[in-house]
Structures are given as C-alpha cells and as structure tokens.
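Student: Please take me through one part of this model closely, the open space that a pocket search brings out, and then place it among its surroundings. I would like the criteria stated as you go.

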Amino acid sequence: MAGKRTRRKRSHHDPATDLLPLRDMPSDPPAVDMSPSGHATARTSRSTSVTDSEDAACVDAASINTANTADRVSEAIPSANYRVDQRTGPAPAVSRSVRTSETLIEGFGGNPFDPYHADRMEIAGFSGRPTEMIGGETRRELRDQVQSLCPPVPGVYGMFDRSGELIYVGKSNSLRNRLASYFGQSARGEKAGRIIEHTRAIQWETQPSDFAAQLREQSLIRRGVPRFNVQGVPERQRPVYLCLGRKPAETFYIAASPPAASDCVAVEGPFFGAGRMSRVVDALNKTFRLRDCSQQTVFQFSEQLSLFDDSPRPGCLRLEIGTCLGPCAAACSRQEYATRVSEAESFLDGFNEEPLTATQQIMENAAANQQYELAGRARDTLKSLNYAQRKLGHLADARQKYSFIYAATGYDGKSIWYLIRRGEVVDVAAAPANASQYREIKPLMQTWASRLTAGNGKVTSDHPHTVSVVAAWFRKHRRELKQCFPPESAGRKYRHLSRVPVG
C-alpha cells in the first residue's frame with residue numbers, strides 16, 4: 001500500500017524582487033496620534049534608522065507638505081488597506097533608503113502642462129488633479145476597488161510594489177476599463193499579469209483629455225523611469241534618442257532620454273530599437289566623417305598647433321581610410337569640422353539623403369565584387385537608415401506644419417489651450433469660458449503671437465521631447481486640427497470652442 005503523499009508548501013518569496021507578499025508580513029495595527037489641530041500625516045510602516053542630524057534635515061525638507069499631505073494620504077491610503085502609521089505634526093522624516101515611499105505620499109508631483117493648478121503645484125508639490133490611491137494584498141481586492149472607485153475618464157495611472165516603488169506608468173482614455181483589463185484571464189500570462197503580481201498599490205490621476213494624458217504619461221516615464229516601462233520590453237521596442245552633440249568635436253550617439261539642450265546641437269526621437277539605431281549612428285558618423293571615439297580623447301584642431309609642435313597621432317584607422325576628419329590628430333580646422341556638423345544636422349531636419357546614397361553605393365559595389373558579407377552589412381544598415389529617415393520625416397513634417405494654438409476640450413469643463421511651436425508644446429493656458437476670462441489672458445495671446453512669428457529657428461523650449469507626442473497625435477486624429485488656430489484669432493475662436501459640461 002502506497003504511503004500518503006504530502007504536499008509541499010510553496011514559498012511565496014519573489015526572486016525577482018527579493019520580497020515577500022504583503023500577506024506574509026505581520027499586520028501590526030496602525031499607530032495614530034492626533035494633535036490639537038486635528039491634522040495627521042502618514043508614513044509607511046517600514047522602519048528606518050537615521051541619525052539626529054538626518055532626522056532634522058528630513059523634517060525641514062518635508063515640512064512643506066503638512067496638512068495637504070495628510071489630507072491626501074488619509075483619503076487614499078486608509079480606504080485602500082495600505083499599511084501606514086498616522087502621526088501628528090509635519091511630514092515624517094525618512095531616509096534616502098526609503099525615498100520611493102515618498103511617492104505614495106506626494107503622488108505624481110507637479111504637472112507643467114496643467115494651467116489650472118500651477119499655484120498649488122508650487123506650494124504643495126501636487127498636481128492638483130483628482131487623484132485616488134488603492135491598495136490590497138490580493139488581485140481580487142485591487143480589482144474590486146478599481147471597479148468601484150476608478151472613473152471611466154482619461155488619465156494616467158501608476159503601479160507601486162510593496163516597498164512603495166513606482167514600477168509602471170500608463171495612460172488611457174478610460175482609466176476604469178484599462179485598469180480592469182489587468183485582472184482579466186487573458187492578461188495573466190502577459191506583461192500585464194507580471195506587473196499585477198508585483199503590485200500592492202495603484203494610483204491614478206484624471207486628465208481633462210486624452211492628449212493631456214499622453215503628455216503626462218511621457219513626462220512621468222522620463223522622470224521616474226519605472227522598471228516595467230523598460231524591463232521586459234524587447235530591445236527592438238525600447239525608445240532611444242538620436243543625438244548630435246558632445247563638444248568640442250560633435251558626434252552622433254544614442255541616449256535613453258533626451259540630454260540637456262545645452263549639451264547637444266540637435267536631438268530627435270524617440271526611435272525604437274537600440275540595435276538598429278546603433279547601426280544608424282555608425283553610418284552617419286562615417287558618412288559625415290565625424291569622430292566616434294571616447295569623450296576622454298584629447299582633441300586638437302589644426303589652428304591650435306604652433307609652428308614647432310608635433311602633430312599628434314590618430315587614435316584609430318578612420319583618418320587613414322577617409323571616414324573621419326581626425327579632430328584628435330589636428331588633421332582638420334575647427335571650421336571644417338563645423339561644416340560637416342552642419343551637414344549632419346540637415347540630415348536630422350530631413351533635407352539630406354547623403355547617408356542613404358553612400359550606403360546604397362557601398363552595398364552595390366560590394367555585391368559586384370562578390371563581397372557578400374560586406375554587402376549584407378550594408379543592406380542591414382540601409383534598412384536602419386530608411387527607418388530613421390521615415391521617422392525624421394514625420395518629425396520634420398510636424399515642425400514645419402504645427403505652429404498654432406490647440407484647444408483640447410476637457411471632459412470636466414477644464415479645457416486647455418496649448419501653444420505649439422514647430423511641433424513642440426512650449427506653453428499652456430486655461431481656456432477662457434467668457435469675455436471676462438478672455439480679457440485676462442489677452443496679453444498672453446499677444447505674447448504667444450510674437451513667439452510664433454519670432455523667426456523659424458530651432459525651438460529652445462523646456463519640452464523638446466513633446467514633438468513626438470504632437471506628431472503622432474495629429475497624424476492619428478486629423479479632425480483635431482479643426483481645434484487649432486493662430487493667437488490672433490483667439491478672440492473669435494473661444495466663443496465657438498465652448499467647453500463640454502461635466503456629465
């Protein structure tokens with residue numbers, strides 16, 4: 001007779017995060033201390049040992065968010081069953097090691113594209129938009145709260161793991177439907193299922209329109225770089241930016257996020273696929289004879305050498321084979337190099353096909369000489385260059401055509417006017433609803449008009465990355481171009497672009 005089989009109990013330990021599920025942790029009751037003023041602030045139950053000086057520094061920095069922080073947390077966290085300790089006085093002192101938990105208290109932070117809550121953003125560090133947070137130990141708890149609390153309106157959402165780290169950011173035209181899809185049977189084996197497995201709290205923030213939600217999502221991903229927005233995404237789908245910069249001898253390179261405008265001559269993107277964009281960078285640097293060596297290299301131009309100086313030796317063979325001007329070996333003047341950089345910039349603007357022509361010629365010559373391996377590499381490079389040129393064409397089209405005010409209608413009556421110059425969002429304003437409100441923003445409209453007519457040079461805005469959102473938005477929603485107008489027509493247009501009432 002066979003012995004009785006015993007079932008081995010599985011550990012719930014997560015090797016990916018080295019964490020235990022919330023249900024495996026002791027559930028200590030929250031400690032509540034109420035002050036005479038009645039205010040309470042919250043912190044996560046994870047304890048941290050800090051020195052007295054660190055405590056004082058943290059309290060000073062956190063004292064900005066006193067009552068407002070307490071109100072927001074007390075509304076979101078307790079109803080969500082997320083374990084917190086409530087205390088009186090200023091926001092709690094937390095160390096660097098638990099800085100991610102501050103996200104649970106402060107929300108998503110300020111939004112530069114929301115003109116309705118600019119004053120509140122500066123004071124409290126909050127977006128001012130309607131925000132809700134839920135939490136639970138199981139998928140069912142989270143699902144039930146999403147169905148009962150989440151509205152079917154545009155917005156962004158964030159997923160937090162047990163430690164309070166923001167692990168994923170997304171957007172949707174209907175928050176309730178999108179979040180509910182994470183709990184369906186079809187999502188269990190997909191990326192959505194993996195995200196929910198690590199999620200212990202969900203926060204969402206409504207937005208007045210789908211366009212506003214897209215801008216907000218892009219801003220949050222660039223700011224926080226949540227791991228599930230990067231990890232688990234195939235390399236061919238990861239966004240990268242094509243940059244031309246790095247003084248004193250500029251070169252093409254790719255970056256995961258747009259660098260500062262002061263560090264680059266030009267930045268375009270996002271493009272998808274680091275591998276193929278690396279081939280593009282290699283082909284562009286060779287075609288325009290720009291260097292591709294380390295930034296630690298010492299660069300010397302020909303005019304910097306005196307009569308008796310020895311010419312430095314190049315660090316690679318590219319100067320000898322004619323694919324680099326040799327700024328490391330004083331083989332060119334600064335002006336000669338700047339001329340090639342200007343020609344390279346024209347490729348980013350969509351006006352130069354020299355790299356494609358040169359690569360096509362290399363492929364044909366290699367095939368004619370039966371150098372099939374070289375011809376194959378040239379063919380792959382040509383495919384990557386064609387992809388980059390198509391994408392650059394879309395962005396160039398947006399820069400040429402899109403310079404106007406876009407009136408995005410808000411579902412909640414809070415419509416926003418976006419000033420778009422050469423495809424980039426450079427300013428925002430609350431849409432006027434009556435003559436009195438229009439008179440208040442009339443001076444701003446005059447300023448906007450002067451900004452649009454101040455030459456056709458490159459935009460030097462704080463949000464150059466928004467050109468990709470603008471280009472994709474109007475390519476997909478052609479009807480929205482009827483909502484666009486020049487600043488000079490604002491007085492006539494605002495009467496016809498009445499905002500949708502709340503309903």
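**The pocket and its surroundings**

Tutor: Gln389 is partly exposed, with a relative accessible area of 26% (buried means under 20%, exposed over 50%, partly exposed in between, with a 1.4 Å probe and protein chains only). Before going further, note that this is a predicted model, in which local features need pLDDT of at least 70 and side-chain atom pairs count only at pLDDT 80 or more, while totals for chains, interfaces and linings use all residues. Residues are numbered from 1 along each chain as its sequence is written, and side-chain values use heavy atoms, with hydrogens and water left out.

Gln389 belongs to helix H13 (helices, H or I with at least four residues, and strands, E with at least two, are DSSP runs numbered from the N terminus). Its C-alpha atom is separated by 8.2 Å from that of Leu348, although their positions lie 41 residues apart along the chain.

Helix H13 leads us to the largest pocket, which encloses about 1100 Å³ of space. Of the 34 residues lining that pocket, Gln218, Ile221, Pro239, Pro270 and Phe272 are the closest to its centre. Two or more lining residues come from each of strand S5 (166-172), helix H8 (210-224), strand S7 (239-245), strand S8 (251-255), strand S9 (264-272), helix H13 (372-401) and helix H15 (466-476). On a 1 Å grid over the protein atoms alone, a pocket is an open set of points with protein on both sides within 12 Å along at least five of seven lines, a cavity is a set where a 1.4 Å probe fits but cannot get out, and lining residues have an atom within 4 Å of a point. Points are joined across faces, edges and corners, and a volume is the space filled by probe spheres set on them.

Strand S9 deserves a second look, since Pro270, one of the residues closest to the pocket centre, is placed in that strand. The peptide bond leading from Gly269 into Pro270 is cis, with omega near 10 degrees. Gly269 also appears in the lining of the largest cavity, together with Tyr241, Pro258, Val267, Glu268, Arg399, Pro464, His465 and Val467. That cavity has a volume of about 60 Å³, and S9 supplies the largest share of its lining, 3 residues. In total the model holds 3 cavities of 30 Å³ or more.

The loop between S7 and S8, two strands that also give residues to the pocket lining, has backbone features of its own. Arg246 lies in that loop and has phi near 75 degrees, a positive value in a residue other than glycine; with a relative accessible area of 38%, Arg246 is partly exposed. Pro248 has its place in the same loop, between S7 and S8, and the peptide bond joining Lys247 to Pro248 is cis, omega being about 5 degrees.

A positive phi is also found at Arg289, near 60 degrees and again in a residue other than glycine. Arg289 sits in the loop between helix H9 (274-287) and helix H10 (318-321), and at 31% relative accessibility the residue counts as partly exposed.

Turning to the cysteines, the count comes to 0 disulfides, a disulfide being a pair of cysteine sulfur atoms within 2.5 Å. For Cys324, which is in no disulfide, the nearest cysteine sulfur is that of Cys316, 6.0 Å away; Cys324 is buried, at 7% relative accessibility. Cys332 is likewise in no disulfide, with the sulfur of Cys324 as its nearest at 7.5 Å, and at 1% relative accessibility Cys332 also counts as buried.

One further loop completes the tour, that between strand S3 (131-135) and helix H5 (139-149), where Thr138 lies. At 32% relative accessibility Thr138 is partly exposed. A polar atom of the Thr138 side chain lies 3.2 Å from the backbone nitrogen of Glu141, a polar contact (N or O atoms within 3.5 Å; within protein, one able to donate a hydrogen and the other to accept it, and sequence neighbours counting only if both atoms are side-chain atoms). The C-alpha atom of Thr138 is separated by 7.9 Å from that of Arg200, a residue 62 positions apart along the chain.
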